[in-house]
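This briefing goes through the surroundings of a bound ligand and then the empty spaces left in the protein. Please keep the sequence and the structure at hand while reading.

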Amino acid sequence: MTNEKNKIINIISNYNKESQKMSKLLMGKLKKENFIVPDKYSNDAELNICIGGDGAFLRAVHRHNFPHIPFIGINTGHLGFFQEILPENIDQFIDKYINNDYIVEEILLVKADVCTKNNCFELFGVNEIVIKGIKSKVVHLEIFIDQNHLENFCGDGIIVSTPAGSTAYNFASGGSIVYPSLNILQITPLSPINSKAYRSLPNSAIVPGDSMITIKPEYRYENSILIIVDGIEYRYDDITEINFSVPEKTIYKLNFDKNMYWNNLKSKFL
Ligand code: NAP
Ligand code: MN
C-alpha cells in the first residue's frame with residue numbers, strides 16, 4: 001500500500017494566496033524536522049499534503065492519477081470536508097505525524113466503464129459520477145442492478161456516489177451520508193419524474209460494493225448524455241451502456257482520531 005517512509009513529503013497547493021502562504025510556512029516547519037519537500041511532485045514520497053479546499057484535493061487526486069501515497073489536507077478553502085486539518089493546528093498535526101499517531105484509511109472510489117458503439121473507456125471518481133442530459137434535457141435511462149432491471153428513469157439525471165462523496169452532490173440531492181469505510185455505492189436521482197407518463201424511484205438506493213450498476217440510455221438519447229466525474233464533464237457519442245462498480249484501485253488518507261469524521265461532519269454541516 002504505502003511506500004516505506006523516506007522523509008519525502010509533497011506539498012500540493014492551489015494558487016490562492018492563503019494556500020501559498022500556508023505552503024511556505026509548512027515547508028519551513030517540515031524542513032526543520034528533516035523532511036525533504038521536493039519542488040516537483042515526487043512519486044516516491046511518503047505523504048501528500050494538500051492545501052486548499054475539497055476541489056484542490058479532488059484535482060490533486062486526479063492530476064496525480066490516484067496515487068498510493070496517502071493524503072492529508074489542510075483547509076484553506078470554503079468547506080474543506082476532506083481537508084480536516086485547520087491552519088491553526090499544523091504544529092499538532094506535524095507532532096502526531098512524526099509520532100506515528102494516526103491510522104491510514106482507505107478511500108473507496110467509483111469506476112464507470114463507458115461503452116460506445118466503437119469503444120470502451122474507464123473513468124474513476126472520488127466523490128461521484130453523474131449522468132445528466134445535454135442542454136438541460138430530461139434523460140431517459142434504463143437502470144439495472146446486477147443485470148436485474150430496476151427502472152426506466154426519467155428526470156434530470158442520476159448520481160452514483162461513493163461513501164466519501166456522499167456528503168457532496170449526493171447529500172445536496174437528498175441522498176444519505178455514508179461512513180467512508182462502508183463498501184457501497186449510492187444511486188441518487190436528480191429531480192425524478194413521477195407522473196402518469198413516467199415512474200422513477202423518488203429516493204436513493206444503496207447497493208453493495210460488489211454489485212454492478214448498469215445504465216443504458218434509451219436509444220433515441222444515446223448522443224444526449226453528459227458524464228460528470230467529480231465536477232469535470234465528459235461527452236461521448238453513441239453511448240450504449242455505462243457500468244458502475246467499486247474498483248480495486250483506492251486512495252489513502254491519514255486519520256488522526258476515530259472521532260474525526262463525526263466532529264468534522266458536525267462542524268461543517270450543522
Ligand atoms: P465546488 O463547486 O466548489 O463544489 C461544491 C461544494 O462541494 C464545495 O463547497 C466543496 O467544498 C464541496 N465538496 C466537494 N467534495 C465534498 C465532499 N466529499 N463532501 C462534502 N462537501 C464536498 O466544486 P469543487 O470544489 O471542484 O468540487 C466538486 C464537487 O462539487 C463534485 O464532486 C460534486 O460533489 C460537488 N457538486 C455539488 C453540487 C451541489 O451540491 N448541488 C453541484 C455540483 C457539484 P470546497 O468549498 O472545500 O471546495
Ligand atoms: Mn471548491
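**Ligand site, pockets and cavities**

The helix α2 makes the largest contribution to the shell around ligand 1, giving 4 residues. This is a predicted model, and the shell, the pockets and the cavities described below are all computed from it.

**Shell around ligand 1**

- The shell has 20 residues, among which D54, G80, N127, E128 and T167 are those that come nearest to ligand 1.
- Two elements, α2 (54-63) and α4 (169-172), each provide at least two residues of the shell around ligand 1.
- Both domains take part, since at least three residues of the shell around ligand 1 are drawn from domain 1 (9-107 + 250-269) and at least three from domain 2 (110-245).
- By class, the shell around ligand 1 is made up of 9 nonpolar, 7 polar and 4 charged residues.

**Polar contacts and burial of ligand 1**

- The side chain of E128, one of the residues that come nearest to the ligand, places an N or O atom 2.4 Å from an oxygen atom of ligand 1.
- G80, also listed with the nearest residues, approaches through its backbone, with an N or O atom 2.7 Å from an oxygen atom of ligand 1.
- A polar backbone atom of A164 lies 3.2 Å from a nitrogen atom of ligand 1.
- Ligand 1 would expose 810 Å² if taken alone, and the protein buries 66% of that area.

**Largest pocket**

- The volume of the largest pocket is about 520 Å³.
- Its lining consists of 21 residues, and those closest to the centre of the pocket are I11, I12, S13, N14 and Q20.
- The elements β1 (9-13), α1 (17-32) and α2 each contribute at least two residues to the lining of the largest pocket, and α2 is also the element that gives the most to the shell around ligand 1.
- The lining of the largest pocket divides into 10 nonpolar, 6 polar and 5 charged residues.

**Second largest pocket**

- The second largest pocket holds about 360 Å³ of space.
- Of the 14 residues that line the second largest pocket, E84, I85, L86, N89 and M260 are nearest to its centre.
- Two or more residues of this lining come from each of α3 (90-98) and α5 (260-269), and α5 gives the most, with 5 residues.
- The residues that line the second largest pocket comprise 5 nonpolar, 5 polar and 4 charged.

**Largest cavity**

- Searching the whole structure yields 2 cavities of 30 Å³ or more, and the largest cavity contains about 120 Å³ of space.
- The largest cavity is lined by 13 residues, with E84, E105, P180, K253 and Y261 closest to its centre.
- E84 therefore appears in two settings, as it is named both for the second largest pocket and for the largest cavity.- At least two residues of the lining of the largest cavity come from each of β4 (103-108), β16 (250-255) and α5.
- The lining of the largest cavity has 8 nonpolar, 2 polar and 3 charged residues.

**Second largest cavity**

- The second largest cavity encloses about 60 Å³ of space.
- Its lining is formed by L150, E151, F153, I158, I187, P189, L201, N203 and A205.
- The strands β9 (148-161) and β10 (184-192) are the elements that give two or more residues to the lining of the second largest cavity, and β9 supplies the largest share, 4 residues.
- By class, the lining of the second largest cavity divides into 7 nonpolar, 1 polar and 1 charged.

Notes
Residues are numbered from 1 along each chain as its sequence is written. Chains are lettered from A and ligands numbered from 1 in the order in which they are written. This is a predicted model: local features need pLDDT of at least 70, side-chain atom pairs count only at pLDDT 80 or more; totals for chains, interfaces and linings use all residues. Side-chain values use heavy atoms; hydrogens and water are left out. A residue is near a molecule or strand if one of its heavy atoms lies within 4 Å of it. A polar contact is a pair of N or O atoms within 3.5 Å; within protein, one must be able to donate a hydrogen and the other to accept it, and residues adjacent in sequence count only if both atoms are side-chain atoms. Accessible areas come from the Shrake-Rupley method with a 1.4 Å probe; for residues, only the protein chains shown count as cover. Ala, Val, Leu, Ile, Met, Phe, Trp, Tyr, Cys and Pro count as nonpolar, Asp, Glu, Lys and Arg as charged, and the others, Gly among them, as polar. Domain bounds come from an automatic or database domain assignment. On a 1 Å grid over the protein atoms alone, a cavity is a set of points where a 1.4 Å probe fits but cannot get out, and a pocket is an open set with protein on both sides within 12 Å along at least five of seven lines; lining residues have an atom within 4 Å of a point. Grid points are joined across faces, edges and corners, and a volume is the space filled by probe spheres set on the points.
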